[in-house]
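Please walk through the model below from its overall make-up to its interior, and then to a single helix and its surroundings.

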Amino acid sequence: MAQRRFYLVLNVNSGTVQALGVTGDDLTAKFAAQGLDVTIDADPDSSLDERIARALASDAETIIAAGGDGTVTALATAIIDSDKSLAILPLGTANLLARDLGVPLDLDSCIAVLAEMEPLAIDVSEVNGTIFLHKAVIGVIPELAAGREYIRGQGFGAKIGYMRYFFRRIARARRLALEIAPGDGPARIERVQAIAVASNAYDEGLGRFFHRDKLDSGLLTIYVLRHLNVGDMVKLATGMLAGHWRDYDALDISSARSVTIRARKPRLQLMIDGEVQSMEVPLHFKIYPRALTVLAPLQAIKEEIAEEQAEGTARPMGQMA
C-alpha cells in the first residue's frame, strides 16, 4: 500500500497548544521518527483560513487538524466537498470528535498509530449554513461558555469571579419560549432553559460523558432541557457519569432528519462545537449522512487505547502496533 501523504495545520493560537509548548519543529521531529510523509504548516503570520486553503491546494490525501474542536470543524467544513480525508491530532480542551473516534489523546501515541488508521465516513450537520460535527446548543449554556472564554488565561481571581457569575446566572436564568418543528412531525412550543441539537445521539453507560459510538445514523438528536438550576446540573452530571441520564425528568429527547427552531427574538446565541456565535432566527438544522471521511483507529487499537486511558497509562511513541 502506498504511503499516505499528510498535510498538518497547527492552530498556533490554541490555548492548549501554547500551554503545552507544541511547535512545528516538535511535530516535524515526531512525524519523522515514525517515517511519515507530512507537510507541517505552523505559520503564525497567516490566518487559519489561509493555511486551510494551502492544505486544500496540496497533493496530500489527508489533512490533519492539530488543535481543538473549533480547528477540527473549520477543516472539516473546507474538505467536505473535496477528495481529501480528515485526521485529528487532539490538541484542544475537550477533543470531542477525537474521543468519539477512539483517537489517542496522548500526542505521541496518536502519531504512532496514525499510519494504521482507517477511513470512516461520518455524518455532518448544519445550522443556517454553518457546519458542526458534534452539537449546537441554545439557551443559558452559550452565555456561560462566553464568560469562560472571556477569562481564559487570566488569573485565579478572575476564575473565582467567573464561578460567582456562573452560579448567579444559573439561579436567575429565564426560560426561552421556542417553537420546535421537526421536518417529519408536528411543531410544538416548549419553554426551555437549554436545547441541544446533536449530530447523532449520545450513549448511556458508566463514565460515557457526551460520547457517541455511532456517527452515521443520519439523524439529528434534539435534547430539550426544560429547567436547569444548580441541583439539576448536579443530578444531570451525576446521571451522565453513572450511565442513566436519559431518564432525567426535565429532559426530553427526540430525533429527526431536520428541525427548525423559531423564537420571538430576532437572533439567538448558539454554542457550536465549542464556539459561541449569534445567528438570525429561524434556525434550520439538517444532517448530511456520511458526508465526511475521517481517519479512525482500527477496532483492536481503539479497545487497547480505551483500556490504557481507563488505567491512566499511555504507551510511549513507537510502541503501539
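In this predicted model, the secondary structure of the protein consists of 10 helices and 16 strands. Of the 321 residues, 47% are buried, while the protein exposes about 15400 Å², of which carbon and sulfur atoms supply 52%. When contacts between residues at least 6 apart in sequence are considered, 70% of them join residues at least 24 apart.

In soluble globular proteins, nonpolar side chains tend to be buried together. Here the largest nonpolar core holds 47 residues, among which Leu27, Phe31, Leu86, Leu89 and Leu292 touch the most other members; strand β1 (residues 5–10) contributes 5 residues, the largest share of this core. Leucine 89, leaving aside residues up to four places away in sequence, touches Leu8, Leu27, Phe31, Ile64, Ala65, Ala66, Gly67, Leu107, Cys110 and Ile111. Separate from this core is a second one of 24 residues, which includes Val127, Leu178, Leu270 and Val281.

Helix α3 (residues 48–57) shows how burial can be distributed around an axis: its buried residues are Arg51, Ile52 and Ala55, and because they cover an arc of only 105° around the axis, they lie on the same side of α3. An α-helix has 3.6 residues a turn, so residues three or four places apart point the same way. The cover over the buried residues of α3 includes β1, β2 (37–41), β3 (62–67) and α4 (69–79), whereas the face of α3 turned away from its buried side carries the exposed residues Asp49 and Ala57. Strand β1 thus appears in both settings, as a contributor to the largest nonpolar core and as part of what covers α3's buried residues.

Note on methods:
Residues are numbered from 1 along each chain as its sequence is written. This is a predicted model: local features need pLDDT of at least 70, side-chain atom pairs count only at pLDDT 80 or more; totals for chains, interfaces and linings use all residues. Side-chain values use heavy atoms; hydrogens and water are left out. Helices (H or I, at least four residues) and strands (E, at least two) are DSSP runs, numbered from the N terminus. Buried means under 20% relative accessible area, exposed over 50%, partly exposed in between (1.4 Å probe, protein chains only). Contact means heavy atoms within 4.5 Å. Accessible areas come from the Shrake-Rupley method with a 1.4 Å probe; for residues, only the protein chains shown count as cover. A nonpolar core is a set of buried Ala, Val, Leu, Ile, Met, Phe, Trp, Tyr and Cys residues joined through side-chain atoms within 4.5 Å. The arc is that of the directions from the helix axis to the C-beta atoms.
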